[in-house]
Amino acid sequence: MLTIDDILKLLEDGKWHDMREIVYNSKSHELKVEIIMNFLYKFDFVELNDKRQKVKLTPPLHKFLRKIKLIEEKESLGS
């Protein structure tokens, strides 16, 4: 799985997550996670707290990922 997939999977609960937690759970180098987070932030996919130590999905992306997950679950039941 790609690092960005691991990160989005972790963030899909819509809650704030500590950057150290994301680095640890993605099993990726801190710099790689930071680059991905900067990209996601630049395009308004995530919110960062004031100190940039915590991150969460923006409401539109959170809603989108929930819809995709529901569709995937329905597809897997139909197989």
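Visitor: Which helix is the place of Leu11?

Guide: Keep in mind that we're looking at a predicted model. The first helix pairing has α1 covering residues 3-11 and α2 covering residues 19-26. Leu11 has its place in helix α1.

Visitor: Is Leu11 buried or exposed, and what is its relative accessible area?

Guide: The cut-off for buried is under 20% relative accessible area. Leu11 falls under that cut-off, so it is buried, and its relative accessible area is 0%.

Visitor: Which residues is Leu11 in contact with, leaving aside neighbours within four places in sequence?

Guide: Let's go through them by element. β1 is 17-18, and His17 is on the contact list of Leu11. Strand β3 is residues 54-57, and three of its residues touch Leu11, as you'll see in the list. With those neighbours left aside, the partners of Leu11 are His17, Ile22, Met37, Val46, Val55, Lys56 and Leu57.

Visitor: How far is the C-alpha atom of Leu11 from that of Thr58?

Guide: Along the chain, Leu11 and Thr58 are 47 residues apart. In space, their C-alpha atoms are separated by 10.0 Å.

Visitor: How many helices and strands does the protein have, and in what order do the elements run?

Guide: The count is 4 helices and 3 strands. Start at the N terminus and read along, and the elements run α-β-α-α-β-β-α.

Visitor: In what order do the strands sit in the sheet?

Guide: This is an open sheet of 3 strands, paired antiparallel. β1 and β2 stand at the edges with a single partner strand each, so one side of each has no neighbour in the sheet. Pairing over 2 bridges joins β1 to β3, while β2 and β3 pair over 3 bridges. The order is β1-β3-β2.

Visitor: Which residue of β3 does Leu48 stand opposite?

Guide: Leu48 lies in β2, which is 46-48. Another β2 residue, Glu47, has Lys56 as its bridge partner in β3. His17 also has an opposite residue in β3, namely Val55. Leu48 stands opposite that residue too: Val55.

Visitor: Which side chains of β3 point to the buried face?

Guide: In a regular strand, side chains alternate between the two faces of the sheet. β3 shows this alternation: Lys54 and Lys56 point to one face and are not buried. The buried ones, on the other face, are Val55 and Leu57.

Visitor: Which residue in the turn of the β2 and β3 hairpin has a positive phi?

Guide: The hairpin leaves 5 residues between β2 and β3. In that turn, the positive phi is about 60° and belongs to Arg52.

Visitor: At what angle do α1 and α2 pack?

Guide: Their axes are 9 Å apart, and α1 passes α2 in a right-handed crossing. On the α1 side the contact is made by Thr3, Asp6, Ile7, Leu10 and Leu11, and on the α2 side by Glu21, Ile22, Asn25 and Ser26. By class these split into 4 nonpolar, 3 polar and 2 charged. The packing angle is about 125°.

Visitor: How many nonpolar residues does the contact of α2 with α3 have?

Guide: Helix α3 is residues 30-42, and its axis is 10 Å from that of α2, at an angle of about 115°. This crossing is right-handed, with Met19, Ile22, Val23 and Ser26 of α2 meeting Glu30, Val33 and Met37 of α3. Besides 1 polar and 1 charged residue, the nonpolar count is 5.

Visitor: Lys27 has a positive phi; is the residue buried or exposed?

Guide: Lys27 has phi near 55° although not a glycine. You'll find Lys27 in the loop between α2 and α3. Exposed means over 50% relative accessible area. Lys27 comes out at 75%, so the word is exposed.

Visitor: What is the relative accessible area of Asp44?

Guide: Asp44 is another non-glycine with a positive phi, about 60°. Asp44 has its place in the loop between α3 and β2. The residue is exposed, with a relative accessible area of 58%.

Visitor: What percentage of the residues in the protein is buried?

Guide: The C-alpha trace spans about 45 × 25 × 20 Å along its principal axes. Among contacts between residues at least 6 apart in sequence, 49% join residues at least 24 apart. Of the 79 residues, the buried share is 30%.

Key
Residues numbered from 1 in each chain as written. Predicted model: local features only at pLDDT ≥ 70, side-chain atom pairs only at ≥ 80, totals over all residues. Heavy atoms only, no water. Pairing = 2+ DSSP bridges. Axes fitted to C-alpha atoms, helices over the stretch in contact; angles between N-to-C directions. Left-handed = near helix turned anticlockwise from the far one by under 90°. Contact = heavy atoms within 4.5 Å. Nonpolar A, V, L, I, M, F, W, Y, C, P; charged D, E, K, R; others polar. Buried < 20%, exposed > 50% of the residue type's maximum accessible area, 1.4 Å probe, protein only.
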